[in-house]
Structure formats: structure tokens, C-alpha cells
Amino acid sequence: MGAADPVTQNILINSDLDGRNACYMAYLHCANCAPTDVVVLQNDSGTASTQGSGLDQNVSLSNSQCTVSWGSSPVTASGNNLSVTLNLTFTPAFAGSRVFYLASREQNDANNTGWHAVGTWTPQ
């Protein structure tokens with residue numbers, strides 16, 4: 001997968017690999033689309049997107065577990081590397097040990113990585 005390829009990065013933060021009552025979002029990148037970069041946050045049941053926004057807009061997205069926001073230049077690309085910086089704030093009800101799960105896939109599920117636990121966090 002290259003930085004110019006249409007790609008979806010799924011980010012799931014929860015105590016286990018379950019999108020319900022989680023901070024569950026997707027970053028969508030398409031170099032030839034408008035907007036080019038979009039973040040979508042899932043609803044509390046993990047079944048549908050509650051909101052979505054182009055990263056060219058200065059907004060934040062929230063569900064009952066977290067708020068996702070970003071600065072003025074959240075995406076940088078260099079060769080095949082694509083970096084996205086998102087700011088996460090967790091609600092008090094989401095306290096406890098959480099796992100960061102990531103999955104990446106190209107358009108039409110080509111080159112799907114599947115889910116991987118990549119770190120832990122304990123929101124206070």
C-alpha cells in the first residue's frame with residue numbers, strides 16, 4: 001500500500017476487540033477524492049457512523065466514549081508513508097485499561113491486514 005492508494009485505517013480503542021461502547025473510528029484516505037482525508041466516528045453501538053468530517057475542517061467528533069479532533073495539518077505523506085495525527089479525549093465513563101487495535105485495507109478490501117493490538121492505555 002502506498003500513500004497515494006485509497007486506503008482505510010480502522011482504529012478501535014476498547015477493553016477487547018469489540019466496536020460496541022468503544023472509541024471506534026476510521027480514517028479514509030483517497031488522493032484523488034474530495035475531500036482527500038476523512039475521519040468517521042462510530043456510534044455507541046458500533047453499528048453505524050455517527051459523524052464524519054474532512055480533515056480540512058476544524059471540527060471534533062464525539063460519541064459517549066471519546067472525542068476526536070485534529071490540528072491544521074494532521075496528515076503528512078512521504079513516499080509510501082502516511083502519518084495522521086489525531087487528538088483523543090476520553091469521557092470519565094471510559095476509564096480503565098484499554099487496548100489500541102488497528103487494521104488497514106485498500107479499496108474493496110484488497111490487502112486487508114486484519115486487526116492487530118498495537119498498544120494499551122488507561123484513561124484516567
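Strands are DSSP runs of E with at least two residues, numbered from the N terminus. The exercises below use that rule on a predicted model.

**Exercise 1. Fold content**

Task: State how many helices and strands the protein has, and give the run of elements from the N terminus on.

Solution:
- Step 1. Count the elements: the protein has zero helices and eleven strands.
- Step 2. Write them in chain order: β-β-β-β-β-β-β-β-β-β-β.
- Step 3. Check the overall packing. The radius of gyration is 14 Å, close to the 14 Å from the globule rule for 124 residues, so the protein is as compact as a globular protein of that length.
- Step 4. Add the outer dimensions. Along the principal axes, the C-alpha atoms fill a box of roughly 40 × 30 × 25 Å.

**Exercise 2. The disulfide**

Task: Find which cysteines form a disulfide, and say where in the chain they sit.

Solution:
- Step 1. Apply the cut-off: two cysteine sulfur atoms must lie within 2.5 Å.
- Step 2. Test the pair. The sulfur atoms of Cys23 and Cys66 are 2.1 Å apart, and the two residues form a disulfide.
- Step 3. Count: the rule yields one disulfide.
- Step 4. Place the ends. Cys23 belongs to strand β2 (residues 23–29) and Cys66 to strand β6 (residues 66–69). The two are 43 residues apart, and the pair links distant parts of the chain.
- Step 5. Read the handedness. The link of Cys23 and Cys66 is right-handed, with 85 degrees about the S-S bond.

**Exercise 3. Buried or exposed?**

Task: Decide whether Cys23 and Cys66 are buried or exposed.

Solution:
- Step 1. Take the cut-off: buried means under 20% relative accessible area.
- Step 2. Cys23 has a relative accessible area of 0%, so Cys23 is buried.
- Step 3. Cys66 has 0% relative accessibility, so Cys66 counts as buried too.
- Step 4. Set this against the whole protein: buried residues make up 35% of its 124 residues.
- Step 5. Turn to the outside. The accessible surface comes to about 6700 Å², and 47% of that belongs to carbon and sulfur atoms.

**Exercise 4. A sheet around β6**

Task: Give the strand order of the open sheet of three strands, and name its edge strands.

Solution:
- Step 1. The order is β5-β6-β9, with antiparallel pairing.
- Step 2. The edges are β5 (61–62) and β9 (87–90), as each pairs on one side only.
- Step 3. Look at one pairing. β5 and β6 run antiparallel and are joined by two bridges.
- Step 4. Go to residue level: Leu61 stands opposite Val68 in β6.
- Step 5. Connect this with the disulfide: Cys66 also lies in β6.

Conventions. Residues are numbered from 1 along each chain as its sequence is written. This is a predicted model: local features need pLDDT of at least 70, side-chain atom pairs count only at pLDDT 80 or more; totals for chains, interfaces and linings use all residues. Side-chain values use heavy atoms; hydrogens and water are left out. Helices (H or I, at least four residues) and strands (E, at least two) are DSSP runs, numbered from the N terminus. Buried means under 20% relative accessible area, exposed over 50%, partly exposed in between (1.4 Å probe, protein chains only). The radius of gyration is taken over C-alpha atoms; the globule rule is 2.2 Å times the number of residues to the power 0.38. Accessible areas come from the Shrake-Rupley method with a 1.4 Å probe; for residues, only the protein chains shown count as cover. Two strands pair if DSSP finds at least two bridges between them.
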